[in-house]
Amino acid sequence: MTDTGPWWREAVTYEVYLRSFVDADGDGLGDLAGARSRLPYLADLGVDAVWLTPFYPSPDHDAGYDVSDHREVDPRLGSLAEVDGLIDDAHRLGLRVVVDLVLNHVSSAHPWFVAARAAGPGSPERDRFHVRPGRGVAGELPPNGWPSIFGGSAWAPFGDGEWYLHLFDTEQPDLRHEHPEVAADAVATLRFWLDRGVDGVRFDAAGSLTKDPTYPELPAGWRPGDPAPYSDREDVHEIYRRWARQLAAYPGDRLGVAETWGGPEVIEPYLRPDELGQAFAMDPLYWPLRPEPWRAGVDALLAATARHDRLPAWVYGSHDVSRAVQRWGRDGARAMVLLMLALPGAVYLYAGDELGLPEVALADDEIRDPVFRRSGGTDRGRDGARVPLPWTTQPVPYGFGPDGSTPWLPQPAGWGDFAVARQVDDPASTLALTRAAVSLRGTHWRGRPAQVSWLEAPADCLAFRRGTDGPSCLVNLGDTPIDVRPYGDRVLLASAPVDGLMLPGRSTAWLC
Ligand code: NOJ
């Protein structure tokens with residue numbers, strides 16, 4: 001059993017959703033100093049790496065994913081010196097740092113877009129963006145029917161007959177990466193952060209960087225998730241080859257991970273040998289909790305990634321989807337973290353899921369996510385999974401910030417029941433389970449063969465080993481308790497008490 005390859009091959013990475021992690025200065029927003037102060041908590045959790053969500057200057061139309069300067073730090077969140085300090089501290093604790101680069105679009109407050117708006121139709125300043133004349137008699141209609149991922153049209157008018165493309169919010173104009181200055185600036189940004197010592201980079205909206213230059217209409221019957229002329233095109237991979245050369249020029253196996261949304265056929269090309277090390281597997285979040293979709297899905301993803309000697313990057317949760325507990329239920333969420341941590345590959349955990357935080361129902365006027373507004377209120381957006389973390393059982397802000405400070409999203413009554421302080425010494429807590437699972441994964445799963453051998457299992461159950469021997473993972477997705485003995489003599493870890501050698505429904509056990 002050997003664990004070869006780069007550090008990230010089977011790393012567990014913890015997504016620090018910075019705005020909601022720890023607020024050191026009391027302005028209501030989580031910040032770099034706050035995150036830095038809790039690095040020991042993350043080291044203790046046993047993760048290998050932290051992914052920091054954007055901390056660049058931003059008017060916050062999309063919680064920092066609208067960046068107005070890619071090579072600076074938002075003064076509300078810290079400073080470049082604070083980033084350097086965080087990287088140093090993390091490295092001292094044995095943690096790697098992954099930053100989030102948002103290169104598909106800029107903020108409407110970015111100097112390039114301010115100049116484009118001012119310069120007028122046909123100007124070279126507008127060339128850095130996807131700008132088209134409107135349709136209709138006087139350009140009053142959008143150039144085509146492309147929808148924004150956040151709802152509504154993907155085009156917004158300049159008010160002078162020309163329109164610009166924004167696949168996300170109107171305040172996030174898409175860059176045209178074919179433009180030499182855009183291409184060069186992206187490389188400068190990448191190198192800027194690599195020079196500061198980050199160990200990896202997440203490429204936001206990875207598949208959207210190139211668009212069909214003829215801007216064709218979507219086919220009739222098109223639905224979100226279907227192939228589109230602005231996602232995962234073959235020419236986007238030229239960009240990743242270029243960026244991969246930059247990553248490779250630095251010592252220490254720097255990671256490039258693509259934020260992909262799609263199945264094995266979408267993920268695979270990003271993993272070609274001259275491209276990236278990882279591409280997110282988000283689909284499993286939506287696989288029905290039945291054995292067959294999981295067996296087939298795992299096999300397909302392993303086969304696709306193995307084609308390039310890569311492994312899947314399993315996403316257990318993120319700031320873009322509902323809380324694990326919301327998706328799978330409390331017991332299901334505990335079962336699924338053990339399942340994912342046993343599979344070959346890397347795992348991305350989302351801040352607060354280790355506490356079993358539930359999705360929060362926010363009132364209309366509390367929601368900041370542009371998805372809510374752009375969908376006309378039909379989609380409540382992602383803020384329910386972004387409520388600031390409870391660290392203590394004290395009243396609001398529950399240790400998230402100094403006493404008396406008001407978090408940017410309101411924490412519900414009873415939030416302290418989930419607090420780190422309450423769970424840390426409770427062996428039955430989800431925090432304790434996650435910590436034990438990450439640790440035991442290191443000794444029992446990590447570095448084992450990348451092949452999953454499915455074992456015979458009762459209906460509603462999944463059981464597998466990696467390779468031909470070693471521990472087994474038994475997942476009971478049904479309601480009826482099952483006998484664990486055919487899978488091993490000793491329970492290494494279980495997401496629910498195994499009484500009388502019976503594994504309850506909605507739970508997972510690791511056995512040897
Ligand atoms: C993906 C990010 O994870 C999400 O939060 C953001 O809204 C979009 N990209 C746009 O940057």
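The lining of the largest cavity is a mix of six nonpolar, two polar and three charged residues, where Ala, Val, Leu, Ile, Met, Phe, Trp, Tyr, Cys and Pro count as nonpolar, Asp, Glu, Lys and Arg as charged, and the others, Gly among them, as polar. This is a predicted model, in which local features need pLDDT of at least 70 and side-chain atom pairs count only at pLDDT 80 or more, while totals for chains, interfaces and linings use all residues. Residues are numbered from 1 along each chain as its sequence is written, and side-chain values use heavy atoms, with hydrogens and water left out.

A cavity here is a set of points on a 1 Å grid over the protein atoms alone where a 1.4 Å probe fits but cannot get out, and lining residues have an atom within 4 Å of a point. The largest one holds about 70 Å³ of space, a volume being the space filled by probe spheres set on the grid points, which are joined across faces, edges and corners. Among its lining residues are Tyr14, Tyr316, Leu349 and Thr434. Helix α9 (324-342) chips in the largest share, three residues; helices are DSSP runs of H or I, at least four residues long, and strands are E runs of at least two, numbered from the N terminus.

The second largest cavity comes to about 60 Å³. Its lining includes His70, His110, Trp112 and His177, and helix α5 (residues 180-195) supplies the largest share with four residues. By class, that lining splits into six nonpolar, four polar and one charged.

Then there is the ligand. Its surroundings (residues with a heavy atom within 4 Å of it) include Asp62, Phe150, Arg202 and Glu259. By class, this shell has three nonpolar, two polar and seven charged residues. Polar contacts (pairs of N or O atoms within 3.5 Å) show up too: a polar side-chain atom of Asp320 sits 2.4 Å from a ligand oxygen, the corresponding distance for Asp204 is 2.7 Å, and for His105 it is 3.0 Å. Taken alone the ligand exposes 290 Å², and the protein buries 98% of that, going by the Shrake-Rupley method with a 1.4 Å probe.

The second largest pocket (an open set of grid points with protein on both sides within 12 Å along at least five of seven lines) has a volume of about 220 Å³. It is lined by 16 residues, with Ala244, Ala248, Arg254, Glu275 and Arg310 nearest its centre. Helix α6 gives the most to this lining, four residues.

Methods
Polar contact = N/O pair within 3.5 Å; in protein donor to acceptor, adjacent residues only side chain to side chain.
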